[in-house]
Amino acid sequence: SLSATAGSQTGDASLSFSFRNLFGRAEQLRTVSTTAFPHWGNTIRVEFIKPHYSNINQRLNASFGTTSYKQPSCGFEEYTVGPKLDIQCPSIYGTHTLSWLCDWRQLFGFDNNVPMGIRLDAGHSLKSSIKHILETDTRDNPLLPHDGYHTRISQEIAGLGGDVIFSKVEFQTEVYKEIIPNWVLSVSLWCGLLKPFISNSKINDKFLLGGPTTLRGFHMWGMGPRSQGFSLGGEAYWANGLHLYCPLPYTSGEFFRRIRIHSFATSGNLIECSKLSHLTELFQNIRVSCGIGLHVRLGVAQIELNYALPLKAQPQDWLKPGLQFGIGLDML
């Protein structure tokens, strides 16, 4: 099968081959090859999926794969290889996913302009971690929601072997409410905290913020700590957005129903947080932007073409006022 998906900052084109019902109990063996754009990362993964015999929504997923991608905003390339084991189980609170990941990672591709703070993370590292995700979705329509909320809470602990040891928590929620027919008000909030236990955080574990699907009006990963023109990432962040969606005037039909006028205001901050006492800095030097444009839903992907205007920024931020195009699955 051939498909296209999207993440928070990139799009993916996937080609997969599946062997279904291998042992007569709905098992599936699948090989997936994925190319991500605009940074042209590549993933090849072999997956074995086994649903529970009494509940197909409970699944065990074992996989092994390799990933390579470029991160030009941070000045490095990364190659990752390793296994992954998932257990997925629904509950009254939402869908739980418990994962074990073991990734051998290599950072390379640095040029002479990359700052030493990023260069120090070059080379090999081994991350073995346990990750739990709880996802709750009460939206009346996942493609064109008018009411409900979608929440995702993730916790990751690394250090079960390997040389990467940290705790990481991230929270994302979006709430939708129809204020008048086909006019939808949406409020979103994202936040996260990364706490290393031995050494400083590595650049490929940190949070990055800014771009057409998070804080609009900034270049991709263009907000927060920077050095010599490259993003350094951060250990703590928050971002929120206020959105108003309304239909295109003088149009009808299913296609035009997926295209809506979109006005927004976004704000947030990203900081380096070596001590928990530094969290108060999250509410200093806040960035703010606003704008208006078009929002399109095509399958699971969201596409936006906005005119964005940064209202408040810091000198080191990489601004992008004016027209901005974004595609993603998760948008602030």
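Begin in this predicted model by selecting the strands β10, β11 and β14, each of which supplies at least two residues of the lining of the largest cavity. To show the lining itself, select Glu174, Tyr176, Ser186, Ser188, His243, Tyr245, Gln302, Met331 and Leu332. The space they line comes to about 60 Å³, and the lining divides by class into 4 nonpolar residues, 4 polar residues and 1 charged residue.

A search of the whole structure finds 2 cavities of 30 Å³ or more, and the next stop is the second largest cavity, with a space of about 30 Å³. Select Arg105, Gln106, Leu107, Asp121, Gly123, His124, Ser125, Lys202 and Asn204, which line this second cavity, and colour β7 (94-108) and β8 (123-137), since each of these strands supplies at least two of the lining residues. Here the lining is made up of 1 nonpolar, 5 polar and 3 charged residues.

From the cavities, turn to the second largest pocket, which holds about 390 Å³ of space. Of the 19 residues that line this pocket, those closest to its centre are Ser199, Asn200, Ser201, Lys206 and Glu235, which make a convenient selection. Adding α1 (116-119) and β11 to the view brings in two elements that each supply at least two residues of the pocket lining, and by class that lining has 8 nonpolar, 5 polar and 6 charged residues.

Now look at the surface, and select Tyr149, Val175, Ile179, Ile180, Trp183, Leu185, Val187 and Leu242, which together make a nonpolar patch of about 670 Å². The strands β10 (166-180) and β11 each supply at least two residues of this patch. Within the patch, pick out Ile179, which is found in strand β10 and counts as partly exposed because its relative accessibility, 49%, falls between the limits of 20% and 50%.

The last two stops concern the backbone. Select Trp221, in the loop between β11 (183-196) and β12 (226-227), where phi is near 55°, a positive value in a residue other than glycine. Is Trp221 buried or exposed? With a relative accessible area of 12%, Trp221 lies under the 20% cut-off and is therefore buried.

Finally, move to Tyr250, which lies in the loop between β14 (236-247) and α2 (254-257). Phi of Tyr250 is near 60°, again a positive value in a residue other than glycine, but Tyr250 has a relative accessible area of 84%, which is over 50%, so this residue counts as exposed.

Terms used: Residues are numbered from 1 along each chain as its sequence is written. This is a predicted model: local features need pLDDT of at least 70, side-chain atom pairs count only at pLDDT 80 or more; totals for chains, interfaces and linings use all residues. Side-chain values use heavy atoms; hydrogens and water are left out. Helices (H or I, at least four residues) and strands (E, at least two) are DSSP runs, numbered from the N terminus. Buried means under 20% relative accessible area, exposed over 50%, partly exposed in between (1.4 Å probe, protein chains only). On a 1 Å grid over the protein atoms alone, a cavity is a set of points where a 1.4 Å probe fits but cannot get out, and a pocket is an open set with protein on both sides within 12 Å along at least five of seven lines; lining residues have an atom within 4 Å of a point. Grid points are joined across faces, edges and corners, and a volume is the space filled by probe spheres set on the points. Ala, Val, Leu, Ile, Met, Phe, Trp, Tyr, Cys and Pro count as nonpolar, Asp, Glu, Lys and Arg as charged, and the others, Gly among them, as polar. Patches are made of residues with over 30% relative accessible area and no salt bridge: like charges are joined within 9 Å, nonpolar side chains (Val, Leu, Ile, Met, Phe, Trp, Tyr) within 5 Å. Accessible areas come from the Shrake-Rupley method with a 1.4 Å probe; for residues, only the protein chains shown count as cover. A salt bridge is a side-chain nitrogen of Lys or Arg within 4 Å of a carboxyl oxygen of Asp or Glu.
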